Amino acid sequence: MTTAFPPKEITCDCGRTQTISMEADWCEKCANRIFYHEKHKNRYKWHTYYIYGIIISVFTFLAYVFMELIAKPFL
Ligand SMILES: [Zn+2]
């Protein structure tokens with residue numbers, strides 16, 4: 001992530017145009033992630049979905065364990 005790219009103007013979703021020379025940076029206006037290459041944006045998006053998927057799975061599992069082991073004897 002330390003590799004420097006030639007400065008390039010990237011337009012954020014909020015409309016702000018910012019010059020970045022890194023693979024990814026934060027928008028100075030809305031603090032969203034902006035990316036040098038569009039493919040990095042997609043990779044970041046899928047990575048985010050992957051993390052959400054794990055979190056949802058863990059919560060579902062914990063809810064199941066709670067229902068089976070803790071709540072069931074009291075029903
Ligand atoms: Zn922005």
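Start by selecting Ile20: it is partly exposed, with 17 other C-beta atoms within 10 Å. Here a residue is buried if 20 or more other C-beta atoms lie within 10 Å of its own, exposed if 12 or fewer, and partly exposed in between, with C-beta atoms placed from the backbone. Bear in mind that this is a predicted model, in which local features need pLDDT of at least 70, side-chain atom pairs count only at pLDDT 80 or more, and totals for chains, interfaces and linings use all residues. For your selections, residues are numbered from 1 along each chain as its sequence is written.

Ile20 is found in strand β2. Now show its contacts: leaving out residues up to four places away in sequence, Ile20 touches Lys8, Ile10, Asp25, Ile34 and Tyr36. Contact means that the C-beta atoms of two residues, placed from the backbone, lie within 7 Å. Add Phe35 and draw a distance: Ile20 and Phe35 are 15 residues apart in sequence, and their C-alpha atoms are 8.5 Å apart in space.

Next, go to Met22, in the loop between β2 (17-20) and β3 (24-26). Is Met22 buried or exposed? Met22 is partly exposed, because 15 other C-beta atoms lie within 10 Å. With residues up to four places away in sequence again not counted, Met22 touches Phe5 and Tyr36. Tyr36 is thus a partner of Ile20 and of Met22. A C-alpha to C-alpha line from Met22 to Pro6 gives 8.4 Å, for a pair 16 residues apart in sequence.

Then colour by secondary structure. You should find one helix and four strands, running β-β-β-β-α from the N terminus on. Helices (H or I, at least four residues) and strands (E, at least two) are DSSP runs, numbered from the N terminus.

Now colour domain 1 (1-36) and domain 2 (38-75) separately; the bounds come from an automatic or database domain assignment. Their C-alpha centres lie 31 Å apart. The contact between them takes five residues from domain 1 and four residues from domain 2.

Finally, zoom out. The C-alpha atoms fill a box of roughly 65 × 25 × 15 Å along the principal axes. The radius of gyration is 20 Å, whereas a compact globule of 75 residues would have one near 11 Å; the radius is taken over C-alpha atoms, and the globule rule is 2.2 Å times the number of residues to the power 0.38. Buried residues make up 1% of the 75 residues. Of the contacts between residues at least 6 apart in sequence, 8% join residues at least 24 apart.
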